[in-house]
Structures are given as structure tokens and as C-alpha cells.
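Here are a few notes to help you find your way around. Have the structure open while you read.

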Amino acid sequence: MFTIFSANHKRLLPLIVAAFAASATLPAGTAFAEPKQGGSLTSFSTGYRTLNPGVQSGAATGAPGSQIFAGLVTVEKDYEIAPYLAKSWSVSDDQLTVTFDLVEDARFHDGVAITGEDVKFSLETVKANHPFGRSMFGSVESIDVPEPHKVVLNLSQPVPGLMLSLQPLLMPIMPKHIYDDGQDMKKHPRNMEDVVGSGPFKVEENIPAERLTLVRNEDFFIADRPYLDRIAYPIVKDPLTRVLMLEKGEIAYAPFSGIRPNDAKRLENVDGVNMTTDGYDAIGYIHYLELNLRDKPFSDRNVREALAHAIDTDFLSKVIFGGRTVPGTGPLHTGNLFYSADTPHYDADLDKAASMLDEAGYPKGENGERFSFTLDIPSWAPQAHVPMAEYIQAQMAKLDIKVELRRAPDFGTWVKRISSWDYEATMNGSFNYPDPVIGMHRHFDCDNIKNVIWSNTQGYCDPEMDKMLDAAAIETDFEARKKIYADIQAKAQQDLAMIYMPQDFSATVYQDGIGNLPDSPFGGLAPLTNVYLED
Amino acid sequence: MVKSAPVVKSVLRKIASILLLLLAVLVLNSVLIYAAPGDPVEALVGEMGGATPELIAELRATYGLDRPLWQQIGVYLGNVVQGDLGHSLYYDQPVTTLIASRIGPTLLLITTALFSAIIVGTILGVFSAQRRNSTLSHFVTVLSLAGFSAPVFWIGIMLILLLSVSFPIFPISGMTSSDGTTSTLGYAMDVAHHLVLPALTLGLIYLAFYSRLARTSMIEVLEADYIRTARAKGLSRRSVVYKHALRNAILPIVTFAGLQFGQVISGAVLVETVFAWPGLGTLAFDSILRRDTPTLLGILFFSSLMVVVMNLLTDLLYRRIDPRIKTS
């Protein structure tokens, strides 16, 4: 009557068993040396306003947050779901009831035992306060706690991506006895002061201007873990300073290092420093050219196709990003579970682009231009967006389209322009995060055309697309769901709702001698429970 | 006693004009910043990774941003007059607490940088003024040109490359090491070790400035009639230079030191960012990017307060150094 539940349950059962074994006896990973206890690891942070990932998304909160807080499950290599605070779970045949059995001797850092009430409280908190709360848990109608260590979620419709959302990064288990005092969760003082979770590390020192230091949780519910004694996160905002610290080894482990392809080359030549682009599949950081579809000329699909033919993303990724990224082929990152490469492709062909523009009614005018537009460049990823925008400007000039680049002086200015739809075109990017319902639907859903950043700000609306999105949101059979998403990606690319740029160059830089770096598709946003330092 | 009465009176008059000036600064700052496009909630929501329109409206209401502009400014000014600088939108802390927690590192950095620059700069200037065509004099000229024209963040990065990467003598960034030393002496040594590069970077600009100022002012003074008289009296060279010339030449230095001590926060913004120094400069920088209006206004108010207070102190110091001012 019950089956194990997951997004891809067909291949999950053996993996769950393996994960059980792994978490009980062996550390996951490929290192050969025997892991040993002890040592201090220095990472870094760009600064954070809260340490509670339950009320804030993003890497700055998520990286330390996943160490301080535990979740019901973890997401391991190849998206396998492994038990964490939930030792097992089962799903009813109609996929509408999910029952979790919790680990019995788990305690928060202040010694209070964790019960189903904390889980219920946490899920309700995330649903109400996290930016993705509604897309993750909108279908959770009620939560029962029949026994102290048993939690039952009652769903109004199946939620195929549910398990992925139950990891500490997206649904940290928060102590009800601390937070349930009627204060606004987003501004709760305990998100920054004396933060109490149940994860592998505890907060020792939190000086927001200077440093966050975490120390080993001696009473962690997984025996003999974690291996590290402490993790330090000095605050380093300046990217150049960060590169030099990485080079010198003052930072030993830097997920989301923010380095540019040029820095990568420099760092690769340093002895003892390594770099990997693994660990970003789930976050799925993609870049795109967003055109305001409400007005001419971009309301005309043929104009958009002409632009797509003029922008050679292959050239961009190979030459401008040194071959360290791959061109985007649609709204999903190549590392996403539902990625499909089978989408319309627009060959680089300036002549074709020119004749398409002629036909669309945009011939070269008396001033030598077809038309002109302003391209906004946001402030938050200049290393990616500035070269992209400059390349687009040069390519458009070849088509006699004049592009004026407008660099946002700060984040708020850009957000204001885009979210009030007061723009013609902008460089943009977003996260898949990792279920498409969270990170992708928001850009295409007709209901999500809102004055909110990273919603459907370009104003794309298509009834057929809406229907497919709705179907994919509740399809629990993995292969069937994959098929729907393949169609969605093809349609997005056919309609050119956005013009996809090369994916982000996201890299983790780390020193020699660190064992068991997380091989989760969430990389550095996963718990560092098994990480150890070699001699 | 009799003599101090006009001093007290003039100081009181000064304080009154200072208060007026501060009020003007406050009004101007708040109007400018509140009128700038974009609002903090947009920035906040962006950093959170997006939000629903309901949440955005709720946040606006919480921070009073849904009220008309003139009301927001009015409420702010009213609070400041009562000594309340408001609440940081980002950190959710009183702005005064926030500034208090960051002022220590900044004061440490700027006093170290400024005082070493003044002392070393004056010495260099005085020496080079006496031997105008010597190597030292040319060196001072080149140094001051370079130090004055090179961007401060560039100097910072170059110093890091030289003294942290190529010759790893000093740490690249931060104010303390993460290994948690417990003894007070160990802590002080650790901070001092981290302080060298940022203070050197910030100090170099001012060193350039003061060596140049001391040189010019000294040259001018050395040509004055009373120096010739002093020499003619047969006083020793040492006595002429240090007793007669330097005491006069130092006046412009004191003036500028006083003025600059207040303004040095602006230089600290860049240096603190490059070296991840946890002071007011980084806070100001972040507040601009985050549109954290109350914090930014608080810092601006605080720096203008510093400027006027330093001016007042300079004024008083002047009376000590230059007896002519007392009588005039």
C-alpha cells in the first residue's frame, strides 16, 4: 500500500538503501585516506542579514545555514534523497499523504529534544515566510503530529519535487520553543543572535561585520560526525581581495567563489589550489537576455528570432568565457534532472537575421538604423553580464540596430526598473533551484506576470504553455514529467520568451588536503558533515 | 580668568552655528536620499530571491515607506532631533548601535593612518625643504605625486600583492585571525598585524599630502624676514629650523589635519572594502548598495558631526599654537 516517495522513485530504492549504509558507516565521497577528526576549515562569506535559511534564500545564508540547521532529508549525489532527521518516510497510493518517522534522540544545540511539533512549525514558517514558500509547500494543506516522532503531511495535490525541498537549505528544522513567540519570523532576533539549530555545527561567534565561526556540535544526532572542529567564514566582499586570499591559501574552501574565467586561469596555476565547477547542478544558475514583450519591436516573435540568429552564444561561451561555460539551450540548466537538449536552435547567421528584420517591417531607416533600444545591465553579476551586453551591442550594430547600454548603479535601481516593467531589454539571470516548479515556472506562468523581480516580468503568456506547466507541477511519474518538461523547454525556445545566454561560470576553489567535499548537486550549500582535513 | 571670557563667548557662538549647520546638513541629506529612485524594499526582496506582492506591501508598511515622501522625511527629522537615528532596514538594529559597533575599527584605522602620515610627512617635508635639490627632496616630490594621483584601491591591491602574496609578511584582509587567540596581548598583536597594510594604504595618500604641504610651507617660512633675523642673531641652525621656522610652518598642517580627520571616513570606505576592515566605511558602502536609508543617513550625519567637532577642536588648538589668534 505504501511506496517510497520521490521525484524519481523508479531508481530511488537501491539508492536509499545505499544512502542508509553510507550515512551509518562510511562517508560519502571518493577519498581513499581514512577520514580523521579535527581541524579548522576557513571558507568565506560576502555578508548576510540572517543565518536562518527558512526565511531567506541565497548562498550567503544557505552555506552556513545548512551547517547550523538540519533538515528532514539531504540531497546526495545524482539527486538521491537520503534520510537525515527523518529516518524513513512513506507515501500513500494517491500521493496525497506523506508520513515521516523522525530520528528519536536528536536534539537542538540548546539540548531540547526535536519532535514532530518542530517539523510542523518549521514547514508552516517556511511556507509563510520563504520567498519560495508557496511554490514549495503551497499544496500542503495540513500537518498532523500523531506521535512525538511522527509527522504526516496532507497534500491537496501531488507535489513531485517535495523531497528536494525538505533539505536544510530550503526547509531547516527550527526550534519551536525559541521562535514561536509571536514575533515576525523574517525579523526574529534569534535569526542572528544565539542561533539554535540541530545541524552538525553550532554558532560560536557571529560578528556580522567581520566573521562567523562555527564549531563542532558534540551532540550531533549522527554519531562521530562531523569530522571538522570548526569552520570560519571571514567576511570578504571585494572579489579581487578574495582571489588573492584564495591564491595565498587564506581561504581554503570557497563555494560560490565569484571568480571570473580569467581568475580561474590564474588560480589553476597555483600549487595546492584546485578548482571545480561541480556542485552547481541543482542551483542551476542560468543567464538570459530578457526582452519586454509588451511593446514593439520585441512583441514580434520574428524580431526576437532575428536577434537570436545574431547572437552566437557558442562564440560567447568559447571565446569570451574561455570555454568555461556552455551555451544555454533553454530555461533549464544542463545539470537539472529535467534538462532536455532537444530544443530549437538558432544558428549564428547575420544575413538571415537581416532579412528577417526586413520582412518584419524593420528596414534600415534614413538615419541608417532599423531601430534602437536600451539594454539594462544589473549590478549583481557584472563579470557575466557586462561582456554579454557588450557583445550583444556589437552584434546589433552589425544589424544596424543601435543599443545603448545602461549599467545600474546599484541593485535597487535595477530591480525597480525591471519589476515595474519600465525597460526595453535587460541582461538577467536566475536559479532553477532545482525543481522547475520553484525556479522556472515563475518566468512563464500567465498568473505570475507581476511587479516583482524574477517573476514573469517580460510579460509572456501562452495558454498552451500554462496547461503544460500545470500538468508538470503535479505529475509524479518521473519519466512522464520529464517528457512534459522537454516539451516546455522546446516551446520556450520556440516562442523565444527569452534569449538564453551561456550558463553561469560558477566555481568552487579549494586547497589540497580537504577530503570528502560534498558531492551533492547542491555543492557547498549541502551539510559539510563528512568533510575532513587530511594530514 | 578675565582673559578666558571672550574665548568662552566665541566658543559658544561657534557651537550655535555648528548646530545650525548640522541641521542644514541633515535636511539636505535626507531630502536627497529619500528622493533618489529605487527603494530599500526592492533591494531587500531582490536579495531574498524574490517575493510575493503581498509581502512587498507588508514590508513597505513595516518600514513606513508607503507614506508620502515629505511625511517620511518629516518623521525622520523629528526623530533625529530627539536623538533617535532610526532603525537599520537591513540589520534590524538601531542605527546608533550599528554605528557604535563599527566606529572602533574605523577610528583605529584613521588615527593610525593620519597620525603616522602627519608625523612622517612633516619630517620628510622639513628635510626636503632645507635641501631643495637633494635626492630626498626629489623623492618626496615623486612620492607625493604618485600617492596623490594613484587610486587608493589600486595602492591597496598592489601592497597586498607585494607584502602579502609575494612576500607573505602581512595578512590580506580582516581585522583578526580566525584562530581565536584569548590573551589581550595576543589580540592586540593580531589586530596590529592586520592593521599595517590598510593603515599604510590610507596613510600613503595623506603622507603624500602632508610631505608636500610641510615642504611648501617650510620653504615659504624659511624665506621670511624673521628667519633671516634669527640667523643674523647667530642662532644655531637647529634652533632656527625647529624653534622659529617649524612652529610657524606647522600651522597649515594643523588646519588640514583637523579638516581631514573628519573627512577621512570617505577615504576609509575604499580601503575598508579592499581589506575587509569591519568599520564604518564598509557599513556606508553596503548601506548605499542596499538602500539602507536610515543607516546611510546616520553615517552621513555622524561624519558631518565629526567634521564640525574636529573643526572646533582645531580652532582651540590653534589658539595654543598661535598666540596671535587669541588676541585678535
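1. Chain B is built from 13 helices and 0 strands, where helices (H or I, at least four residues) and strands (E, at least two) are DSSP runs numbered from the N terminus. This is a predicted model, in which local features need pLDDT of at least 70 and side-chain atom pairs count only at pLDDT 80 or more, while totals for chains, interfaces and linings use all residues. Residues are numbered from 1 along each chain as its sequence is written, and chains are lettered from A and ligands numbered from 1 in the order in which they are written.

2. The C-alpha trace of chain B spans about 85 × 60 × 40 Å along its principal axes. Of its 328 residues, 37% count as buried (20 or more other C-beta atoms, placed from the backbone, within 10 Å of the residue's own).

3. The domain assignment, automatic or from a database, splits chain B into domain 1 (15–81) and domain 2 (95–327). Their centres, taken over C-alpha atoms, are 33 Å apart.

4. How do the two domains meet? In chain B, 13 residues of domain 1 are in contact with 12 residues of domain 2 (C-beta atoms, placed from the backbone, within 7 Å). On the domain 1 side, H1(B) gives the most, with 9 residues.

5. Now for the partner chain: the contact takes 40 residues from chain B and 39 residues from chain A. On chain B's side, H2(B) gives the most, with 7 residues.

Key. A residue is buried if 20 or more other C-beta atoms lie within 10 Å of its own, exposed if 12 or fewer, and partly exposed in between; C-beta atoms are placed from the backbone.
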